[in-house]
Amino acid sequence: MSSKVIAQQSWPSSRIGGGLLAAGRGLALAGLMLAGVGLWVALAFAVTFVVLGIGLFLIPGILLAVRRLADRVRRLAGEWTGVDVGIPYLRRPGDEGPDGSGWRRLGWLLTDRATWRDLLWLTVDSTIGGVIALIPASLLLWGLFGIVMPAVWKPITDAGGSNWYAMIHVTSPLTAWLSVPLGVVFVLLGLWTGRWLITAYFRWARLLLAPTPKAELALRVRHLTKSRSELVDTRAAEVHRIERDLHDGAQARLVAMGMTLGAAERVLDDNPAAARALLIEARNSSARALAELRDLVRGIHPPVLADRGLADAIRALAMDSPMKIHLVADLTGRPEAPVESAAYFAVSELLANAAKHAHARGIWIDMRHERGLLRIDVTDDGHGGADASRGSGLSGIERRLGAFDGILALSSPPGGPTVVRMELPCELSSPKTSSY
Amino acid sequence: MRVVIAEDLFLLRDGLIRLLEAYGFEIAAAVDNGPDLLRAVIERRPDVALVDVRLPPSFTDEGLRAALQARREVPGLPVLVLSQYVEQLYARELLADGSGAVGYLLKDRVFDSDQFVDAMKRVAAGGTAMDPEVIARLLERNTPDRALARLSPRERQVLELVAEGRSNTAIAQHLVVTERAIAKHTSTIFTKLDLQPSDDDNRRVLAVLAYLGR
């Protein structure tokens, strides 16, 4: 939920290519708009038949289809023009839970303001939006018509068709040739304005499709509630695991040690050799208890992380790793301990994944802090194919980072390389002044 | 042999003092924080300093940093660092200046007082004492390096002991074989790993650690 594809604008660098692409995209948008009109009609139909009862069953499906359409436009806005349109729905598709069907579905659809704003968008889009989206293609086609006028004016006028091209009355070869430069002007205009118009279209759509400040707040509350309960769950599970480890490990060994010492005390006078053997056993037991406690502490909060901070902790991690790890760290201070810990365990998990699943041999880690964001890029040379929605490890990292409003972006094409970017908003505290 | 001890937990400090005194060491100073340690080694010039990694006032790696600083101010000062956990990063920092006379051991090693005192003496004499756990983790790394795989199990065992800082004599005693057999093993190991053979214990350790850590 907190992950997103790194936004990229995709316009060819050449003016002509960009213009043609804009015209094509405008046509595609007009196609979507046509689908919108279809949905609108279907909705009107369903509302009319509410009286008969069937309508009520149709409305939720149609409203969800409207959402899918609106979502597609939101996504295209980001992919085509870099205009960022947030998703305003209080519930997302797949998020419906037990309320996913029947009356309750209708209920939460109708009480979500975003539904009504979607419908408003659908209504206006078929007029204003459609016109804006169609302008680039229309200009190009109209321009082309002007350019080929010398070849086609005769058949058209002979057939009794209209013989006006803009303000030129085409009645002779001369006037037909005059429309050529005018056509060129239209084509150029279409090419020039296409990109701008498509962006304008999405800017317009954003007015109604993006969340209102109020909806944004509601979404924020929802996100916080969810991440908080996830955090509490994770913490509880963690504490439970620690309790169990202590109980079965160190605690049990200490009990055994006490018993062994007691036995040694009893036989001390009669059988010194047996007492010695028991004492050695007790000593070994205490060493094992210490080793278990050490491992436990490492899992809770690695000592190097506490001592030295993120960069050295990851350096220490690298020394224990079979992979070749290249670390570049540009941090002038230390983030707060919980953020630092989340970042550390995220990197640790990624290293384990890279070795285990991607069979990577080299890892490049880049850490820097810029404009209030701790950014960590982890790139490996493994065979890729990682999927955040399937790997429970990655979604665990996402949850961990999500608790601090951090995000994770993943690019892992089959064959590799896998690139993971993590961003955590945080401030760095100035480094501790050392007396040495 | 004069020792400066830096350990903040009273029970442990007291235990170490008693243990070392029982073995005939003289306690030159016993302190419980980093700055005091630095002052003590500069004033008392001990034969060896025994330092806990985690010390006040920062309760981080204060002891390690104080020890490193002490070695800069008193060049060649033998330092044995004790810790609840061992980190390769810290082991390397201690070994970094290449002058030896350093040790890095888990606190558990104190349990075996003979071995612990042996390590103290080795470090005081300019040798090295690395915790077996550091060595084990270095070997566990499974480097794509094939050379390690060419070692026989016995040679691997000897390599671990060399890396910990033991002399051929000590290794022979430990494995209950003759010193000549160990000398043969070490020269085979050094050939297989392409290391320069050396008589100097400290240089042997550095060579092995450099090999394992690359």
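These are legends for three close-up views of a predicted model.

**View 1. Helices α2 and α3 of chain B, side by side.** Here we look at α2(B), residues 34-44, next to α3(B), residues 62-73. Two packed helices are described by the angle between their axes and the distance between the axes. For this pair, the axes come within 9 Å and cross at roughly 25°. Angles under 35 degrees count as roughly parallel, so α2(B) and α3(B) get that label. The crossing of α2(B) past α3(B) is right-handed. On the α2(B) side, the contact is made by B:G34, B:L37, B:L38, B:V41 and B:I42. Facing them from α3(B) are B:E62, B:G63, B:A66, B:Q69, B:A70 and B:E73. Sort the residues of this contact by class and you get six nonpolar, three polar and two charged.

**View 2. Where chain A touches chain B.** Chain A brings 21 residues to the contact and chain B brings 19. On the chain A side, α8 (272-300), α9 (303-308) and α10 (310-319) each chip in with at least two residues. The largest share of that side, six residues, belongs to α8(A). As for the mix, the side of chain A that touches chain B has nine nonpolar, nine charged and three polar residues.

**View 3. The start of chain A, residues 1-8.** Over chain A, pLDDT averages 84, and 92% of the residues score at least 70. Residues 1-8 of chain A are another story, with pLDDT staying under 50. The model still has 17 contacts beyond four places in sequence for this stretch. A word of caution for this view: where pLDDT is low, the predicted coordinates should not be read in detail.

Key
Residues numbered from 1 in each chain as written. Chains lettered and ligands numbered in written order. Predicted model: local features only at pLDDT ≥ 70, side-chain atom pairs only at ≥ 80, totals over all residues. Axes fitted to C-alpha atoms, helices over the stretch in contact; angles between N-to-C directions. Helix = DSSP H or I, 4+ residues; strand = E, 2+ residues; numbered from the N terminus. Parallel < 35°, antiparallel > 145°, perpendicular 65-115°, else oblique. Left-handed = near helix turned anticlockwise from the far one by under 90°. Contact = placed C-beta atoms within 7 Å. Nonpolar A, V, L, I, M, F, W, Y, C, P; charged D, E, K, R; others polar. pLDDT = per-residue confidence, 0-100.
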